[in-house]
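The following paragraphs explain how a protein and DNA meet. The reader is invited to keep the structure in view while following each step.

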2 protein chains.
Amino acid sequence: MSLTHALLGLLAVRPSSGYELTRSFEGDLGRYAWQAGHTSIYPELTKLAERGLVEVAHEGARGSRTYAITTEGRAELREWLMAPPRGGRVRNEQVLRMFLISALDPKDALVLLRGIAGHTGERAGELRAIRVETDDVPFTSPEGFGLLAAEYGIRQYDAVHSWALWAIERLEKELDRSRT
Amino acid sequence: MSLTHALLGLLAVRPSSGYELTRSFEGDLGRYAWQAGHTSIYPELTKLAERGLVEVAHEGARGSRTYAITTEGRAELREWLMAPPRGGRVRNEQVLRMFLISALDPKDALVLLRGIAGHTGERAGELRAIRVETDDVPFTSPEGFGLLAAEYGIRQYDAVHSWALWAIERLEKELDRSRT
DNA sequence: ACTCGACATGTCACTATTGACACGTCACGG
DNA sequence: CCGTGACGTGTCAATAGTGACATGTCGAGT
């Protein structure tokens, strides 16, 4: 299961409580890579602890438990990451919508495509605007994660934006032709 | 559930049997947008038929049933597609791996990033090579789906390729600095 | 003293999905 | 005639994941 490795990865970067991990999934991680709610995170942490891949490093206020990755956990994570790129699971509702546009009539399709182009263009711009100069932040640090995600997000929105523009042009040409 | 709409979308483009739908999910659809095996497709088709969104249009050899979308099904699909872009579900194991690179030590990270850069560069090239001139194929046709997917794929691989190159450069700079 | 919102963890029923197994058909080549 | 591989549909147990519900703590502001 990927949730297993997502948690190991987050804990490898920085020891965290279940609550903090849940927060992580609400950010770029959940937006681009993998979603999970606290109801799956807490049980998974328990399982990981039983398998010796993580351990409770600290118990704090309000019954909070801070988990840390163990040496075995790190080994397991590394093995998973370095493994040959198999065809991993993919589920993306937005992309599904994009592909299914071909099932709409051209007029509806154009409306949708324009919406997508507008939205992704905006988002890409926003992300660029908040991209700060971070030459001194190393990847292999708690902040590195955010850097990687931010740069990925920009490219992602650009890609979809460019795709939508291409599709709009194609579709308009098509409509022109059918009018004559 | 998105599987519902994926099936409606495919059937809106062209009536198909469960077997043919299963094949569809093995192509670009499953690669970029949404996965499903025949064990979830057949029961879902039954449910859709019960709800009146699809119907059996034809029974062929080997007990095959060709399903077609109904008017109600088309309405349901259109509603789903045109709805305001909510934050749909996202699960992508490859992207998860990419983000978790920050949990590796820099040397391993470089190896992985170079692998990703190489692989995505190759794939983008392959896709470009097989991109045929298809000026006369309209989107809103069975072939339209493949067109949309192919163009998306190219941009997708380019985006990840560019991301990996950026990450490699950053990481190398980092390593240089720490050496001095 | 009280209230509110963030912090923090948990259960449980239900739904979705996967993987293993199972079964039968049709066309083609040897 | 036989084998093989693609075609074609299905069940079932197990696992994964979601949403509703439940419970309590702590700090800050009023």
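This is a predicted model. A useful starting point is a contact with the DNA backbone: in chain B, a polar side-chain atom of R91(B) lies 3.5 Å from a phosphate oxygen of DNA strand D. The backbone of chain B takes part as well, since an N or O backbone atom of G18(B) lies 3.4 Å from a phosphate oxygen of DNA strand D. A base is approached from chain A, where a polar side-chain atom of R62(A) is 3.5 Å from a base oxygen of DNA strand D.

These contacts belong to a wider surface. Altogether, 17 residues surround DNA strand D, and the closest are M1(A), Y19(B), H38(B), Y42(B) and R65(B). Of the atoms of DNA strand D that come within 4 Å of the protein, sugar and phosphate account for 70%. By class, the surrounding residues comprise three nonpolar, seven polar and seven charged. At least two residues of this surface come from each of α4 (38-50) of chain A, α2 (18-26) of chain B and α4 (38-50) of chain B.

Attention may now turn to DNA strand C. Around this strand there are 19 residues, of which Y19(A), H38(A), Y42(A), R65(A) and M1(B) come nearest. A polar side-chain atom of R91(A) lies 3.4 Å from a phosphate oxygen of DNA strand C, and a polar backbone atom of G18(A) is 3.4 Å from a phosphate oxygen of the strand. For H38(A), an N or O atom in the side chain is 2.8 Å from a base oxygen. The surface near DNA strand C has three nonpolar, nine polar and seven charged residues.

Conventions:
Residues are numbered from 1 along each chain as its sequence is written. Chains are lettered from A and ligands numbered from 1 in the order in which they are written. This is a predicted model: local features need pLDDT of at least 70, side-chain atom pairs count only at pLDDT 80 or more; totals for chains, interfaces and linings use all residues. Side-chain values use heavy atoms; hydrogens and water are left out. A residue is near a molecule or strand if one of its heavy atoms lies within 4 Å of it. A polar contact is a pair of N or O atoms within 3.5 Å; within protein, one must be able to donate a hydrogen and the other to accept it, and residues adjacent in sequence count only if both atoms are side-chain atoms. Helices (H or I, at least four residues) and strands (E, at least two) are DSSP runs, numbered from the N terminus. Ala, Val, Leu, Ile, Met, Phe, Trp, Tyr, Cys and Pro count as nonpolar, Asp, Glu, Lys and Arg as charged, and the others, Gly among them, as polar.
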